[in-house]
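This report covers internal space and cysteine pairing. The sequence and structure are shown below.

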Amino acid sequence: MVRVGIVGAGAAAVAATATLDDAATETEITVLEKSRGLCGRAATRRRDGIVYDYGANYVKNDDERVVDLLTETLDTDGLVDITPPVWTFDSDGTVSEGDDRGGRKWTYRRGLTQIAKRLFARTDATVERETRVETVIRPDEGDGGSDAGDWYLADADGNRWGPFDVVLLNPPAPQTVDLLRSAEWDADVRDRLAEAIDAVPFRTIWTGVFHYPFELDRPYYALVNTDKEHDIGWIGREECKPGHVPDGESLLIVQANHEWSVDHYDEPHERNRERLAALAADLLGDERVYEPDWTDHQGWRHALPEDGVARDPLQLAEAEGLYCLGDWVAGDARLHAALRNGLEVGDRIVDRVH
């Protein structure tokens with residue numbers, strides 16, 4: 001029996017869980033997730049018969065193993081293509097064709113969180129939501145206690161989870177650094193690992209969601225800012241995703257760029273939504289966009305990693321039974337990269353215990 005503790009239920013953690021559960025080795029897996037949702041930034045909400053992915057927009061078919069996971073391992077019922085292309089715009093708001101980003105863009109009729117829900121449903125893992133881990137604990141083997149060498153996780157309510165043979169950390173890099181620096185783990189590698197992870201740069205994104213009781217007629221699914229000089233970084237039209245928005249309606253996902261998001265992150269949400277709606281109306285050239293009939297929002301303080309992490313500290317920590325995983329470990333802020341990283345981490349743990 002291999003006892004596995006996982007902090008966070010993001011895409012990489014879900015993929016690792018599925019890999020470990022499928023292995024010939026018997027496993028006991030406990031996943032502790034601080035929020036009510038699953039799949040991290042691949043997040044979905046529902047309102048008034050509408051489904052919308054308000055974090056990650058879709059998963060690409062850029063990785064063969066991830067494609068197999070979604071099309072062979074999992075039931076493909078409800079897996080849909082976003083067929084209209086992605087166009088571009090510059091700092092002046094000039095829209096151009098030419099960035100369809102290649103390949104297929106997938107989501108589910110019920111949203112991207114289906115990836116986590118379907119994968120977890122295939123496993124015997126215990127998933128505890130609304131459980132915020134605050135401390136990682138590894139008693140020193142030199143103390144001679146019965147729990148020496150095992151891993152434990154302590155949550156904000158004072159509960160202690162474990163013992164575990166291995167622990168996986170899936171939060172964004174800055175939150176993983178906090179866990180490591182507060183860890184009750186007396187090892188040189190802890191500080192080396194924390195320092196390496198702390199060097200990973202992240203972009204902040206403040207997202208506005210805007211619904212309209214009419215359909216916007218555009219030849220594209222989304223617009224992406226190529227020079228990163230516009231206050232908006234991305235606008236996606238959820239009505240282009242089959243099953244998400246009823247006919248005759250529109251829902252825009254408007255993601256501000258990093259600088260705008262940092263400057264306005266802690267300002268009143270209503271004011272931020274008004275600002276983003278105005279920016280979207282100007283970019284789309286449609287005054288009706290100024291006045292949505294309902295709105296939503298989400299701030300992602302640690303949204304997108306812009307680089308990966310040094311490998312040596314990761315490998316040293318893995319030798320101790322501590323694994324880090326996520327898109328920031330892969331060094332690519334893409335959902336398929338996070339899933340692939342989770343699959344690879346799961347493989348390494350299976351190899352370790354065999």
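## Cavity lining

In this predicted model, the residues that line the largest cavity are Val-2, Leu-20, Ala-23, Thr-25, Thr-27, Ile-349, Val-350 and Val-353. Helix H10, which spans residues 335-353, is the largest contributor to this lining, with three residues.

Sorted by class, six of the lining residues are nonpolar and two are polar, while charged residues are absent from the lining of the largest cavity.

## Cavity count and volume

The structure contains one cavity of 30 Å³ or more. The space inside the largest cavity comes to about 40 Å³.

## Cysteines and disulfides

A disulfide covalently joins the sulfur atoms of two cysteines. Searching the whole structure gives zero disulfides.

Why is Cys-39 without a bond to Cys-324? The closest cysteine sulfur to that of Cys-39 belongs to Cys-324 and lies 19 Å away, which is too far for a bond; the cut-off for a disulfide is a pair of sulfur atoms within 2.5 Å. Seen from the other side, Cys-324 is in no disulfide either, and its nearest cysteine sulfur is that of Cys-39, at 19 Å.

## Cysteine burial

Are these cysteines buried or exposed? Cys-39 has 1% relative accessibility and therefore counts as buried, the limit being under 20%. Cys-324, at 3% relative accessibility, also counts as buried.

Note on methods. Residues numbered from 1 in each chain as written. Predicted model: local features only at pLDDT ≥ 70, side-chain atom pairs only at ≥ 80, totals over all residues. Heavy atoms only, no water. 1 Å grid on protein atoms, 1.4 Å probe; cavity = no way out; pocket = protein on both sides within 12 Å on 5 of 7 lines; lining within 4 Å. Points joined across faces, edges and corners; volume = space filled by probe spheres on them. Helix = DSSP H or I, 4+ residues; strand = E, 2+ residues; numbered from the N terminus. Nonpolar A, V, L, I, M, F, W, Y, C, P; charged D, E, K, R; others polar. Buried < 20%, exposed > 50% of the residue type's maximum accessible area, 1.4 Å probe, protein only.
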